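Got your viewer open? Let's take a walk, one selection at a time.

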Amino acid sequence: FSVLLAIIVFNPIHSFGQNLLRTNITFESGRFTIHGELLLPQRTDSIPMIIFLVGSGENSSHRTIYKEFVEQNLEALFIEEGYGILYFDKRGVGDSEGRWQRSNIYDRADDAKAAIDYLKTISNVDASRIGVFGHSQGGWVAQVVGSLYRNDVKAIASIAGPVSDAELHLTNIYNSEFICEGDTKEEAFEKASKKAQSDINWVSVFPLKKAWRQLKEIADFDPANDLRRITDPALFVFASNDNMVYPGWALTTLNETFMNQIPDNFTLSVVPGANHDLKNAGMCSSKAEIEGA
């Protein structure tokens with residue numbers, strides 16, 4: 001899917017073997033210094049760029065739990081096509097300043113804009129061909145970037161990213177848990193809906209853990225208005241066995257958002273047999289089964 005979007009949107013240079021330069025970088029986003037890594041093909045001018053946005057949690061980084069994901073789904077596809085990639089750690093992750101649990105989706109989008117501005121200072125980067133790819137919660141962030149900063153990006157991609165509000169997304173996650181425990185669809189949905197609403201109410205008063213504080217920050221988020229403002233090419237990739245973002249629910253939400261007229265600049269795709277991390281695994285697969293996929 002990545003190369004397809006690249007060919008359609010970015011008009012990449014001809015594919016050839018690339019010598020890769022990896023550089024640790026920093027850039028400023030408001031009052032925070034953000035740390036990341038820049039991958040550039042050597043001896044190349046006018047390089048189109050991909051900025052990758054990780055998902056939720058304090059361990060989400062291209063250096064740790066996303067290492068295999070970005071190697072297989074980004075670097076293996078884009079580098080040989082002559083693209084550069086910028087990764088950066090969220091606020092409070094790795095060496096980046098700030099606290100991830102106190103950052104909302106718009107804070108994360110502002111950090112992505114700061115990454116875009118940083119790329120514009122590099123002489124051999126083509127500032128007119130910058131794309132933002134986000135996975136999971138990073139998909140939400142990519143959607144906001146495509147809305148607020150559409151003059152700064154060529155395209156966005158939301159990979160296994162929710163398109164619903166936070167409460168429905170949380171309901172989706174809990175629904176999978178109850179289904180995998182053996183509940184019927186009706187039982188699972190009823191329990192999941194109540195649990196999602198209860199948790200959001202609870203964290204609004206008692207955000208005692210980092211994860212709860214993060215939920216409080218994003219509890220009111222709804223991407224609907226941002227989705228409506230996206231005018232650039234936008235790729236939405238879902239996975240048929242995703243336990244966090246059901247493709248069926250996502251399509252229903254998009255149809256409701258656009259009154260059954262999803263924009264022509266949106267491309268929707270479902271990866272058959274894949275889970276949330278795009279591995280070939282079932283929705284209820286064990287950790288061992290997923291690691292062996």
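**Starting with the strands**

Select E37 first: its opposite number is Y87 in β4. Keep in mind as you click around that this is a predicted model. Now widen the view to both strands. β2 pairs with strand β4 (residues 84-88) in the antiparallel sense, and four bridges link them.

Next, add strand β1 (residues 20-29), which pairs with β2 over ten bridges, again in the antiparallel sense. For one of the partnerships, pick R22 and look across to L39 in β2. Then follow the chain round the hairpin that β1 and β2 form: two residues lie between the strands, and G30 in the turn has a positive phi of about 60 degrees.

Before leaving, select residues 32-41, the whole of strand β2. Is this strand enclosed or open? Nine of its ten residues are buried, so the rest of the structure largely encloses β2.

**On to the helices**

Jump to T171, which sits in helix α5 (residues 166-180). T171 is buried, at a relative accessible area of 4%. Beyond its neighbours within four places in sequence, show what T171 touches: F189, A192, S193, A196 and W249.

Last stop: select helix α6 (residues 185-205) and helix α7 (residues 210-218). Their axes come within 9 Å and cross at roughly 100 degrees, which means α6 is roughly perpendicular to α7. To see the contact, show D199, W202, V203 and S204 on the α6 side, with W212, L215 and K216 on the α7 side. Colour that contact by class and you'll get four nonpolar, one polar and two charged residues.

Note on methods:
Residues numbered from 1 in each chain as written. Predicted model: local features only at pLDDT ≥ 70, side-chain atom pairs only at ≥ 80, totals over all residues. Heavy atoms only, no water. Axes fitted to C-alpha atoms, helices over the stretch in contact; angles between N-to-C directions. Parallel < 35°, antiparallel > 145°, perpendicular 65-115°, else oblique. Contact = heavy atoms within 4.5 Å. Nonpolar A, V, L, I, M, F, W, Y, C, P; charged D, E, K, R; others polar. Buried < 20%, exposed > 50% of the residue type's maximum accessible area, 1.4 Å probe, protein only. Pairing = 2+ DSSP bridges.
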